[in-house]
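Biologist: Got a minute to go through this one with me? I'd like to start with the cysteines and then move on to helix packing.
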Amino acid sequence: MHPRVSVNQVSSWNWSLDEDLAFYEEAGIDAVGVSYRKLAATGDPIGAAERLVRTGLRVTNLLVPGPFTLAEPQRWPAQRETAGLVMDTALALRPEVVVFTTGPAGDLTWERAADALAEAMRGTLAEAEREGLLLLLEHTNPLRTDLGFVHTLRDAIDLGWRLDMGVCMELNACWAERNLEGTIGAGIDAIHLVQVSDYAIGTHRTPDRLVPGDGDIPLRRIIRQLLDAGYRGVFDVEIVGPRIEEEGYRSAIARSVAWLDELLSELLDELTPS
């Protein structure tokens, strides 16, 4: 694997942690993004994190669905307990970054939801700073308002700066944004992880992603823009949906890694002074 490529566990959505680990060893995958959902499914997320550490895998990120229902502050005390367990798990795992979605806004305006997120996350952000954990904000597809209310890279960068959080750039959700190259250039210091998958124009459901290179997203152009802007982080394969299920995880993940390895090697060679 290219040292700037990792495979997120959501790419094998229905596999258990045991199945994931067996596959990584078989396929020579040495860098992974970890899904908190899968760790929690074991019944002991901290123990599962410690097990992952013992494998020697490089953990590029820990992916966490937004823990807070922002329009219902009466639920925040219980949700802060969940966020505390997430942070304890992250401390056991020590990923390079921890990625959160914002959680749903309910009936709040965007601006009120941003205020609520700042208040709800205050303790989590303070703990992360004390413990040296880098938290990232992930923007989401606008069809997934159950996961978050931030749906553009531009808004994610603005809100990340406000909260002193970095940003996870989800290519599948932002590839058609206006002036994407300008947004990347202006916000490159905030971008610490890039999630990579593909999309076929005409698809009306989500998630329904494709292996990189199989669809219509101009991935080569966007990844080149990121590299030109100075992005030095990881490209995390995050493929999920019915077409991935139909092909099978082994094939889809292997093809994704091979495609991204080849593209990065080529682009980075072009950028290396002769």
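Biologist: So how many disulfides does a search of the whole structure find?
Modeller: Zero. Keep in mind that this is a predicted model.
Biologist: Okay, why is there no bond for C168?
Modeller: Distance. The closest cysteine sulfur to that of C168 belongs to C174, and it is 9.6 Å away, which is too far for a bond. A disulfide needs the two sulfur atoms within 2.5 Å.
Biologist: And is C168 buried or exposed?
Modeller: C168 is buried, with a relative accessible area of 0%.
Biologist: What about C174, buried or exposed?
Modeller: C174 counts as buried, at 0% relative accessibility. C174 is in no disulfide either.
Biologist: Switching to helices. At what angle do α9 and α10 pack?
Modeller: About 30°, with the axes 9 Å apart. For reference, α9 covers residues 180-187 and α10 covers residues 219-229.
Biologist: How would you describe that in words, parallel or antiparallel?
Modeller: Roughly parallel, because the angle is about 30° and angles under 35 degrees count that way.
Biologist: Which hand is the crossing, left or right?
Modeller: The crossing of α9 and α10 is right-handed.
Biologist: Which residues meet there?
Modeller: On the α9 side you have L180, E181, I184 and G185. Facing them in α10 are I222, Q225, L226 and A229.
Biologist: How does that contact break down by class?
Modeller: The contact of α9 with α10 has five nonpolar residues, two polar and one charged.

Methods
Residues numbered from 1 in each chain as written. Predicted model: local features only at pLDDT ≥ 70, side-chain atom pairs only at ≥ 80, totals over all residues. Heavy atoms only, no water. Axes fitted to C-alpha atoms, helices over the stretch in contact; angles between N-to-C directions. Helix = DSSP H or I, 4+ residues; strand = E, 2+ residues; numbered from the N terminus. Left-handed = near helix turned anticlockwise from the far one by under 90°. Contact = heavy atoms within 4.5 Å. Nonpolar A, V, L, I, M, F, W, Y, C, P; charged D, E, K, R; others polar. Buried < 20%, exposed > 50% of the residue type's maximum accessible area, 1.4 Å probe, protein only.
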